[in-house]
Amino acid sequence: MTGVLPITLEESRKIVQALLLSGKEYVCVMKLHGDASENRVRAVLEEFEDTIYQRPPLRASVKRQLRTRKIYYIDFLEMDGRNVLFKVGCEGGTYIRKLCHDVGEVLGCGAHMQELRRTRAGPFIEEEGLVTMHEVAYWFMQWKESGDDAILRKFIQPMEKALALVPKIYIRDSAVDAICHGANLTAPGVLSIETGITAGSMVAIFTLKGEAVALAEAQASTEEILGMEHGVVARVKRVLMPRGTYPKCWKRGEI
Amino acid sequence: MPRSVAPWMVERKLLVKTEGETDPKYGCRPEERPAKEYIKFGVINLDKPAGPTSHEVAAWVKRIVGVENVGHGGTLEAFYTLRG
């Protein structure tokens with residue numbers, strides 16, 4: 001199976017959790033075990049554009065208990081005999097092998113996944129900055145030899161890119177270091193905030209320079225936070241920025 | 001049945017609560033990090049080839065780029081027919 005596999009280096013490993021939870025898109029070749037008409041295949045695929053139940057397959061890296069996964073869309077692309085090509089956008093942790101099997105069951109003839117290519121993992125897509133293993137080796141050598149840092153930017157992206165789809169809260173410089181030490185984000189530290197945040201949702205705390213400070217769980221909605229003068233806005237779950245990057249601006253006893 | 005919208009199709013607006021400034025003395029815009037830092041806080045959008053496992057591919061990147069640790073976002077199983 002091929003395609004988009006974001007590799008996080010050193011410090012950026014801290015955002016892996018956000019990537020695992022993020023949505024994925026795949027292009028898949030499904031092989032039918034019997035004949036079925038194109039209309040029938042299209043109709044059955046459409047039925048799966050929904051919240052579906054899946055039990056992870058035998059060979060899985062998670063506990064095998066029934067769980068729900070959202071299928072955002074399935075686009076039928078092509079059919080050649082018993083081979084069906086389709087594109088699927090789904091929640092992280094959806095097993096496409098299982099999806100093919102289940103589509104086969106509903107069709108009645110059975111089916112299995114023949115080939116799979118991931119075309120998106122969260123904000124990372126095929127059309128933007130996707131590099132092969134050969135390119136990584138080549139660009140890295142080029143950078144080593146020339147010392148031209150522009151080459152690094154050809155194949156490495158800042159970890160902030162991985163958080164592109166996570167709603168953000170931008171904060172004051174003076175609030176940054178307290179958060180790096182594990183403090184929660186309180187209302188006075190907030191400068192601006194993206195729409196669509198609800199209590200309990202994951203947010204990314206950013207500086208005005210666009211640096212990621214931490215991943216946190218919002219304690220209120222965007223609208224509520226805009227009106228808050230004090231109180232905790234987001235509980236910090238994962239600090240991303242090293243301590244001491246920004247000056248310490250709090251007094252002892254306040255923490 | 002209401003269909004869920006894919007996260008990459010959600011549009012967000014930025015609403016300002018209070019105006020503020022940032023001091024150029026501290027921190028650094030992500031794209032302008034010095035090389036060593038840039039790598040340390042970097043992600044590679046890798047095109048995984050068929051054959052090796054996601055884990056093997058990650059280990060390979062770790063060796064090439066000479067970093068101490070790597071992780072990967074979401075396992076893509078190895079070419080299945082080779083492993084039964």
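This passage looks at how two helices pack in a predicted model and at the nonpolar cores of chain A.

A good place to start is the pair formed by helix H2 (residues 38-47) and helix H3 (residues 96-107) of chain A. Two packed helices are described by the angle between their axes and the distance between the axes. For H2(A) and H3(A), the angle is about 125° and the axes lie 10 Å apart. H2(A) and H3(A) are therefore oblique to each other, and the crossing in which H2(A) passes H3(A) is right-handed. On the H2(A) side, the contact is made by A:Arg40, A:Val41, A:Val44, A:Leu45 and A:Glu47, while H3(A) contributes A:Val103, A:Val106 and A:Leu107. Sorted by class, this contact contains six nonpolar and two charged residues, with no polar ones.

Both helices also appear in the largest nonpolar core, which has 26 residues. Within this core, A:Phe86, A:Val88, A:Ile96 and A:Leu99 have the most contacts. Two or more residues each come from H2, H3 and the strands E2 (24-32), E4 (67-80), E5 (83-90) and E6 (111-121) of chain A. H3(A) gives the largest share, five residues.

A closer look at A:Val88 helps to picture these surroundings. Leaving aside residues up to four places away in sequence, A:Val88 touches A:Lys24, A:Glu25, A:Tyr26, A:Ile71, A:Tyr73, A:Ile74, A:Ile96 and A:Leu99. A second, separate core has 25 residues, among them A:Ile179, A:Ala187, A:Ile205 and A:Val213.

Notes. Residues are numbered from 1 along each chain as its sequence is written. Chains are lettered from A and ligands numbered from 1 in the order in which they are written. This is a predicted model: local features need pLDDT of at least 70, side-chain atom pairs count only at pLDDT 80 or more; totals for chains, interfaces and linings use all residues. Side-chain values use heavy atoms; hydrogens and water are left out. Axes are lines fitted to C-alpha atoms, for helices over the stretch in contact, and angles run from 0 to 180 degrees between N-to-C directions. Helices (H or I, at least four residues) and strands (E, at least two) are DSSP runs, numbered from the N terminus. Angles under 35 degrees count as roughly parallel, over 145 as roughly antiparallel, 65 to 115 as roughly perpendicular and the rest as oblique. A crossing is left-handed if the near helix is turned anticlockwise from the far one by less than a right angle, and right-handed if clockwise. Contact means heavy atoms within 4.5 Å. Ala, Val, Leu, Ile, Met, Phe, Trp, Tyr, Cys and Pro count as nonpolar, Asp, Glu, Lys and Arg as charged, and the others, Gly among them, as polar. A nonpolar core is a set of buried Ala, Val, Leu, Ile, Met, Phe, Trp, Tyr and Cys residues joined through side-chain atoms within 4.5 Å. Buried means under 20% relative accessible area, exposed over 50%, partly exposed in between (1.4 Å probe, protein chains only).
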